[in-house]
Amino acid sequence: MTAQLPARVLVATRNAGKLVELRPMFAAIGREVVDLDSAGVPETPDEDAIEAFDTFEANALAKARHFHRASGGLPTVADDSGLEVLALGGAPGVRSKSYATAAPGQSQTQANNDRLLQALASEEDRRGRFVCAVAFVDADRELVVRGETTGVITREARGAGGFGYDPLFLSDDLGQTLAEAGPEAKARVGHRGRAFVALTAALGAVPPSGPSAG
Ligand code: ITT
């Protein structure tokens, strides 16, 4: 009985793209998402230092523990994710967010994507995977699960949906980039959707295919 996902969960991310993806997953199983602003947890300059570890799992757990405390004990989910490219030895990996230094007037996403294309300019093997570790922390449980999705890095950006590296990631499952795919398709085959399914399974919650009648 205790192995359930609570009715209200703090989704502890400052990344609007992640929140847009995670909200409907929780809604589909009848759980309410509280974001950091609604929980009254203001952003602090030292937050990036929380995720200084070398694995997605360790970073996700550190974020979930931090925001569980900072929110005064709300059941908390945190996501640490990124892109691993085989020919780059797994880079950008856990440093995906700040892979490149943005030029004045350039977005971080544009700088990251430009650097990735440059790094792979003469590379034939363009295989990679997105990884998402999701950690859950409440008063008496700590749990970390992982979801992955494979694809190849395109030679130019395609599509306007999603966020981050999505326009450059041609999904093996979908045959289109994650920015061309709609949100449902990305949720179904994507690393975050798969991690969410693993989380609900590990917690014994209702799967995202829909709540049961009983
Ligand atoms: P929080 O820590 O506040 O959740 P963040 O953006 O700092 O937000 P991460 O440290 O986990 O999150 O960095 C993840 C980066 O990896 C993100 O900024 C993107 O560049 C990339 N990324 C992760 N998931 C992605 C996805 O679904 N599509 C495209 N890019 C993604």
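Analyst: A polar contact is a pair of N or O atoms within 3.5 Å, and within protein one of the two must be able to donate a hydrogen and the other to accept it. The model discussed here is predicted.

User: What makes the pairing of the side chains of Glu-84 and Arg-129 a polar contact?

Analyst: The side chains of Glu-84 and Arg-129 are joined at 2.8 Å, and because the cut-off is 3.5 Å, the pair counts as a polar contact. Glu-84 itself belongs to strand 3.

User: Why is Glu-84 called buried?

Analyst: The relative accessible area of Glu-84 is 18%, and since buried means under 20%, Glu-84 is therefore classed as buried.

User: How do you know which side chains make polar contacts with the ligand, and what are the distances for Thr-13, Lys-18 and Arg-192?

Analyst: An N or O atom in the side chain of Thr-13 is 2.6 Å from an oxygen atom of the ligand, a polar side-chain atom of Lys-18 is 2.8 Å from a ligand oxygen atom, and an N or O atom in the side chain of Arg-192 is 3.0 Å from a nitrogen atom of the ligand. Each is set against the limit of 3.5 Å between N or O atoms. As for accessible area, the ligand taken alone exposes 610 Å², of which the protein buries 94%.

User: Where does the ligand sit, and which elements give two or more residues to the shell around it?

Analyst: The ligand sits in the largest pocket, a statement that requires more than half of its atoms to lie within 2 Å of the grid points of that pocket. Strand 3 (76-85) and helix 5 (191-203) are the elements that give two or more residues to the shell, and strand 3 gives the most, with four.

User: How is the shell around the ligand made up by class, and which residues come nearest?

Analyst: The shell has ten charged, seven polar and three nonpolar residues. Of the 20 residues around the ligand, those that come nearest are Thr-13, Glu-51, Lys-63, Asp-166 and Lys-186.

User: Why is Gly-73 called partly exposed, whereas Gly-105 counts as exposed?

Analyst: Gly-73, in the loop between helix 2 (56-70) and strand 3, has a relative accessible area of 37%, and because partly exposed covers what falls between 20% and 50%, that is the class Gly-73 receives. Gly-105, in the loop between strand 3 and helix 3, reaches 89%, and exposed means over 50%, so Gly-105 counts as exposed.

User: What class do Ala-39 and Ala-181 receive, and why?

Analyst: Ala-39, found in the loop between strand 2 (32-34) and helix 2, has a relative accessible area of 24% and is therefore partly exposed, the limit for buried being under 20%. Ala-181, found in the loop between strand 6 (169-171) and helix 4 (183-189), has 7% relative accessibility and so counts as buried by that limit.

User: How far apart in space are Ala-39 and Ala-70, and how far apart are Ala-181 and Glu-43?

Analyst: Ala-39 and Ala-70 are 31 residues apart in sequence and 9.4 Å apart from C-alpha to C-alpha. The C-alpha atoms of Ala-181 and Glu-43, which are 138 residues apart along the chain, are separated by 31 Å.

User: What makes the peptide bond from Ala-91 to Pro-92 cis?

Analyst: The omega of the bond from Ala-91 to Pro-92 is near 0°, and the bond is cis. Pro-92 has its place in the loop between strand 3 and helix 3 (108-119). As background, most peptide bonds are trans.

Terms used:
Residues numbered from 1 in each chain as written. Predicted model: local features only at pLDDT ≥ 70, side-chain atom pairs only at ≥ 80, totals over all residues. Heavy atoms only, no water. Near = heavy atom within 4 Å. Areas by Shrake-Rupley, 256 points an atom, 1.4 Å probe, with all protein chains shown as cover. 1 Å grid on protein atoms, 1.4 Å probe; cavity = no way out; pocket = protein on both sides within 12 Å on 5 of 7 lines; lining within 4 Å. Nonpolar A, V, L, I, M, F, W, Y, C, P; charged D, E, K, R; others polar. Buried < 20%, exposed > 50% of the residue type's maximum accessible area, 1.4 Å probe, protein only.
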